[in-house]
Amino acid sequence: MGFTKLITSYSGRRDETQAFQYIESILGDNKRIVDMDILFLGMNDIGEEIYDWLCNRDSISVKAIITEPEQLTLVKEVCPDAIVASGFTHIVPPEILEIPTEGCINLHPGYLPHTRGYFPNIWSIVDDLPPGATLHYMD
């Protein structure tokens, strides 16, 4: 997953409210977006909160949660407007990332590019790197 289109990255204490505000500015209650279909990839602690938050948005319909690579064929079937990921531990193929018209965004629980990969907050402690979170478009 690349992150050439960075939305926000912040160091320090994780603030879910800030992440929700950024996601909403992209997907939620945006006047140009009405009745948006979303597929959700992955599930972790913050992912569950984001999933619940998306489900409570009037203008958003979450069609499915995908947790395994074999389920990615569902993206082709549903043709969602957007994909939101948080906790999906697999690489998403480019042909899947090209399907949603509004793009694919990922909330990574580490301060990119410093803490990539799995368990980024542990690596920030081990390698004395800044903790934080990053919201970015996947490409």
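In this predicted model, the side chains of lysine 63 and aspartate 37 form a salt bridge, with an N to O distance of 3.8 Å. The contact falls inside the 4 Å limit for such pairs. It connects distant parts of the chain. Lysine 63 belongs to strand 3 (residues 60–66), and aspartate 37 to strand 2 (residues 36–41). The two residues are 26 apart in sequence. The count of salt bridges comes to 1. Both partners are partly exposed: lysine 63 has a relative accessibility of 45%, and aspartate 37 has 24%. The value for aspartate 37 is 24%, and burial requires under 20%, so aspartate 37 is not classed as buried.

Strand 2 also contributes to an aromatic contact. The count of aromatic pairs is 1. A pair of this kind is described by the distance of the ring centres and the angle of the planes. For phenylalanine 40 and tyrosine 51, the centres lie 5.8 Å apart and the planes meet at 70°. Angles over 60 degrees count as edge-to-face, so this pair is edge-to-face. Phenylalanine 40 sits in strand 2, whereas tyrosine 51 sits in helix 2 (residues 45–55). The pair therefore ties together parts that are 11 residues apart in sequence. Phenylalanine 40 is buried, at 0% relative accessible area. Tyrosine 51 is partly exposed, at 23%.

A nonpolar patch occupies about 570 Å² of the surface. Its members are Tyr118, Phe119, Ile122, Trp123 and Val126. Phenylalanine 119 is located in the loop between strand 5 (104–108) and helix 5 (120–126). Its relative accessible area is 52%. The threshold for exposure is over 50%, so phenylalanine 119 counts as exposed.

Aspartate 139 lies in the segment after strand 6 (132–137). This residue is partly exposed, with a relative accessible area of 45%. Aspartate 139 and glycine 103 are 36 residues apart along the chain. Their C-alpha atoms are separated by 8.5 Å.

Confidence varies along the chain. The average pLDDT is 79, and 76% of the residues score at least 70. The lowest confidence is found in strand 1 (residues 5–11), where the mean is 51. The highest is found in helix 3 (residues 73–78), at 95.

Technical notes:
Residues are numbered from 1 along each chain as its sequence is written. This is a predicted model: local features need pLDDT of at least 70, side-chain atom pairs count only at pLDDT 80 or more; totals for chains, interfaces and linings use all residues. Side-chain values use heavy atoms; hydrogens and water are left out. Patches are made of residues with over 30% relative accessible area and no salt bridge: like charges are joined within 9 Å, nonpolar side chains (Val, Leu, Ile, Met, Phe, Trp, Tyr) within 5 Å. Accessible areas come from the Shrake-Rupley method with a 1.4 Å probe; for residues, only the protein chains shown count as cover. Helices (H or I, at least four residues) and strands (E, at least two) are DSSP runs, numbered from the N terminus. Buried means under 20% relative accessible area, exposed over 50%, partly exposed in between (1.4 Å probe, protein chains only). pLDDT is the predictor's confidence in each residue, from 0 to 100. Rings of Phe, Tyr and Trp (its six-membered ring) pair if their centres lie within 6.5 Å; planes under 30 degrees apart count as stacked, over 60 as edge-to-face and the rest as tilted.
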